[in-house]
Amino acid sequence: VRVGHEVGTAIVQAGDTAAPRSATHCVASVPTAGPLPDETTTRLRAAEEPLRKVIRADKCTVVVDSWDDITRNHLVNVLAGTAKGMFFMGTKQLGSDDHEDAESVAKLIMQGMQAAGMLNVVQVCSDTCSVMKAAWRIVEKKCPWVTATCCGPPVLSLKLKDLAKIPAI
């Protein structure tokens, strides 16, 4: 694997040293605690620390994306990045008590901003669903130095789907 940043290279190398897993293992059987995950997490956190320092020193973008895994758990990923690199900050699994309304999503976005350093965040990037757009307005009102924008690939995907519906195409 070729990675252009030394931190990215270190993260890939740390992942490569993990014990191999059989493709037949169910996702639910992958250990989430114990020596292997704890050791790997420690190595990955150490490898990404230089990038965290860059994000604390520079201004950054927080990227939020939600999705459903193969067991239909609804997950929200949060990433932070600058022109010098991006890193994964974490995932929140939404449970039955969690709400996907604008206030709740804005709170989740702001937790990601807090983790990156609230005053360092100048942009929030996400998809364009109506709840997310409403959350953008809340975030921009509470943090007027932040601009919320849509993520390009989901918009392109929606446009391509619209084009595919045209009979001549």
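## Cavity, pocket and sheet in a predicted model

The lining of the largest cavity draws at least two residues from each of α2 (35-57), β3 and α3. This structure is a predicted model. With three residues, α2 gives the most to that lining. The residues around the largest cavity are Arg52, Ile55, Arg56, Phe87, Met89, Ala115 and Ala116. Five of these lining residues are nonpolar, two are charged and none is polar. The space in the largest cavity amounts to about 50 Å³, and a search of the whole structure finds one cavity of 30 Å³ or more.

The second largest pocket has a volume of about 320 Å³. It is lined by 20 residues, of which Leu94, His99, Ser104, Val105 and Leu108 are the closest to its centre. At least two lining residues come from each of β1, β2, β3, α3 and α4. The largest share, six residues, is supplied by α3.

The two spaces are set out below.

| Space | Volume | Nonpolar lining residues | Polar lining residues | Charged lining residues |
|---|---|---|---|---|
| Largest cavity | about 50 Å³ | five | no | two |
| Second largest pocket | about 320 Å³ | nine | five | six |

The strands named above belong to a sheet. Five strands form this open sheet in the order β3-β2-β1-β4-β5, and their pairing is mixed. β3 (85-94) and β5 (147-150) each have a single partner strand, so these two edge strands are left without a neighbour on one side. On average, neighbouring strands of the sheet are turned by 20 degrees against each other, direction ignored. Strands β1 (residues 60-68) and β2 (residues 74-82) run antiparallel and are joined by eight bridges. One bridge links Ser66 to its partner Val76 in β2.

Two helices pack against these strands. Helix α4 (residues 130-142) packs on the sheet, where it touches β1, β4 and β5, and its direction makes about 160 degrees with that of β5. Helix α3 (residues 102-116) lies across β1, β2, β3 and β4 (121-126), and it runs at about 135 degrees to β1.

Confidence varies along the chain. The protein has a mean pLDDT of 76, with 76% of its residues at 70 or more. Confidence is highest in α4, at a mean of 92, and lowest in helix α1 (residues 6-16), at 54. Over residues 18-32 pLDDT stays under 50, and the model has nine contacts beyond four places in sequence for this stretch.

Terms used: Residues numbered from 1 in each chain as written. Predicted model: local features only at pLDDT ≥ 70, side-chain atom pairs only at ≥ 80, totals over all residues. Heavy atoms only, no water. Pairing = 2+ DSSP bridges. Helix = DSSP H or I, 4+ residues; strand = E, 2+ residues; numbered from the N terminus. Axes fitted to C-alpha atoms, helices over the stretch in contact; angles between N-to-C directions. Contact = heavy atoms within 4.5 Å. pLDDT = per-residue confidence, 0-100. 1 Å grid on protein atoms, 1.4 Å probe; cavity = no way out; pocket = protein on both sides within 12 Å on 5 of 7 lines; lining within 4 Å. Points joined across faces, edges and corners; volume = space filled by probe spheres on them. Nonpolar A, V, L, I, M, F, W, Y, C, P; charged D, E, K, R; others polar.
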